[in-house]
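Please take a moment with the sequence and the three-dimensional view below before reading on. The paragraphs after it are meant to be read with both at hand.

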Amino acid sequence: MEGTKFTKEHEWITISSEGLAMIGISDFAQEQLGDIVSVELPKVGSKFRQMQPMAIVDSVKASSDIYSPLSGEVVQVNDELSEHPEWINESPYELGWIIKIKPSNIEELDDLMTAGQYSEFVGEMEK
Amino acid sequence: MKTPLYDFHKSYGAKMVDFHGWEMPLQYSGIIDEHINTRSAVSIFDVSHMGRFEVRGSSALDCLQILATNDVARLRDYTALYSPICYYDGGIVDDLIIYRISKEKFLLVVNASNREKDLEWIIEHCGSANVENASDKTLLLAVQGPLAARVMEKVTTHKNLDRLKPFEFVITDIFGAESIISRTGYTGEDGFEIFVDSTRTDIWDKLIEVASKFKIKPAGLGARDTLRIEAGLMLYGNDIDENVTPFEVPLKWAVKVEKPDFIGKKALTSRIIDRKLVGFELLEKRIARHGNEVFLKNGQRGGFVTSGTFSPTLKKSVGFCFVPTYISPGESVELSIGGKLYGAKVKNSTRFYKRIGN
């Protein structure tokens, strides 16, 4: 998980070499939500400020907003999730990615947790 | 509170959840997996959190006839029926199953969330009958699914369990322990419920072991909820409560107005009904939840969602909602979920799934 950062709302984000950010939800989040059955995705081109809700994930038992870890513009969404929402459960960091954005202020990354900090954060929540 | 099977749930990897003060298994392998297993094979549920009361004495039948909207006098020994019990204004106190063991001995199974309230209400209106809270005396297990009868024949010496009709029961044995086994359940599948001494927690593991070739799996409250919604069955606290009458929801069949008297009869027979609970199918990929508002074509508020889920069998987003009585099946409404409106279609009943067979 080196280079991956996390929010307190349990999104993860990685920055590619082209400077695009890929966003999904953490393994802890998918485990808490249980079976995910649908995802409402934003339109490509929509703009979000940091920590604004950008998508909605519905599991059998709960609905959950997905917040944008960084400000930016949506450049791609994982359309395959409409057929395979369960990929978020099965492969939260790979097949289950949700949105790619072009960040407008990469310095916002400093507000986010490293993998180590996030696992501590989750550990606290489980106590 | 915990049922005697709490440690078993933990050992089977259950994710536990608070359910009206009870620490209960929400899921083990996953809600959808458990749901599908119940529809295709067989599942075992611990429902020991439900309340069990014994009503005894020569006035037991009269007392239950006054409380229940359904006709308890129709019961023969070893048969059971489903009934709401109502307040004087027609609002629902609870919905329960009444088992007739003999003319002077009945067993009631009530919702976990209503145990104390029900006991008070029943004692208050059953002056001369002997009402006892027997909830802690037994475990209550539900074995549900198309293979349930094949599982049950392996665990009891009773020869003709498969001949039991729905809502019939026998007093027999399970792994040598005296038990009541009834052909009841709340999943829309064939199935049995087992009452057995609360010390016999070993039966959980034994049942699962004996039934392993039938692919039995434990299932939790999550699957119990999705199964009952697909089957169109009401859940107290979600779809029915003290502000809802049986005539507003699909429980009219369980109200026998021809009975001489029962609590709530006067109100029910005179009250004007202006809303009804219907099934809906959401046309977009969201899930409606309890409390989401319903809007009609003219933009007016029309009611609210009482239950909503993803149906693993139909692979659709479904649920129940209140709408004005003039809304017809097939009409479109909109549901407000998280402040956004989503189209939904009104169905002709709350039942989305009916198993093949009886």
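What follows goes from a sheet in one chain, through a loop beside it, to the contact between two chains and a residue in the second chain.

The model is a predicted one, and a good place to begin is the sheet of chain A, where seven strands lie in the order β5-β8-β9-β3-β2-β1-β10 and form an open sheet with antiparallel pairing. The edges of this sheet are held by β5 (47–48) and β10 (113–114) of chain A, and because each has a single partner strand, one side of each is left without a neighbour in the sheet. As background, strands of a sheet pair through backbone hydrogen bonds, and this can happen in a parallel or an antiparallel way.

Within that order, strand β3 of chain A, which spans residues 21–25, is mostly covered, with four of its five residues buried. On one side, β3(A) pairs with strand β2 (residues 11–15) of chain A in the antiparallel sense, and five bridges join the two; in this pairing Glu11(A) stands opposite Ile25(A). The hairpin made by β2(A) and β3(A) has five residues between the strands, and there Gly19(A) takes a positive phi near 85°. The other partner of β3(A) in the order of the sheet is β9, a strand of residues 99–103 in chain A that runs antiparallel to β3(A) and is joined to it by three bridges, with Met22(A) standing opposite Lys100(A).

Towards the β5 edge, two bridges join β5(A) to strand β8 (residues 72–77) of chain A, and these strands also run antiparallel. Here Phe48(A) has Gly72(A) of β8(A) as its bridge partner. Ser71(A) lies in the loop between β7 (63–67) and β8 of chain A. Is Ser71(A) buried or exposed? Its relative accessibility is 11%, and because a residue under 20% is classed as buried, Ser71(A) counts as buried. If residues up to four places away in sequence are set aside, Ser71(A) touches several residues, among them Phe48(A), Arg49(A) and Gln50(A), and also Ile101(A), Lys102(A) and Pro103(A).

The next topic is the contact between the two chains. Chain A and chain B each contribute 16 residues to it, and together they bury about 1,300 Å², of which 49% is on carbon and sulfur atoms. How many salt bridges cross the interface of chain A and chain B? The rule finds three of them, one of which joins Glu40(A) to Lys340(B), with the closest N and O atoms 2.8 Å apart. Between the chains there are also 13 residue pairs in polar contact, counted where both residues have a pLDDT of 80 or more. On the side of chain A that touches chain B, α1 (27–33), β4 (36–40) and β6 (53–59) of chain A each supply at least two residues, and by class this side has four nonpolar, six polar and six charged residues.

In chain B, finally, Phe167(B) is found in the loop between α5 (148–152) and β10 (169–174), where it is partly exposed at a relative accessible area of 30%. Leaving aside neighbours within four places in sequence, Phe167(B) is in contact with residues including Tyr78(B), Thr79(B), Ala80(B), Leu81(B) and Tyr82(B), as well as Ile97(B), Arg183(B) and Thr184(B). Phe320(B), by contrast, is 153 residues from Phe167(B) in sequence and 25 Å away in space, taken from C-alpha to C-alpha.

Definitions and conventions
Residues numbered from 1 in each chain as written. Chains lettered and ligands numbered in written order. Predicted model: local features only at pLDDT ≥ 70, side-chain atom pairs only at ≥ 80, totals over all residues. Heavy atoms only, no water. Pairing = 2+ DSSP bridges. Contact = heavy atoms within 4.5 Å. Buried area = accessible area lost by both parts, 1.4 Å probe. Salt bridge = Lys/Arg side-chain N within 4 Å of Asp/Glu carboxyl O. Polar contact = N/O pair within 3.5 Å; in protein donor to acceptor, adjacent residues only side chain to side chain. Nonpolar A, V, L, I, M, F, W, Y, C, P; charged D, E, K, R; others polar. Buried < 20%, exposed > 50% of the residue type's maximum accessible area, 1.4 Å probe, protein only.
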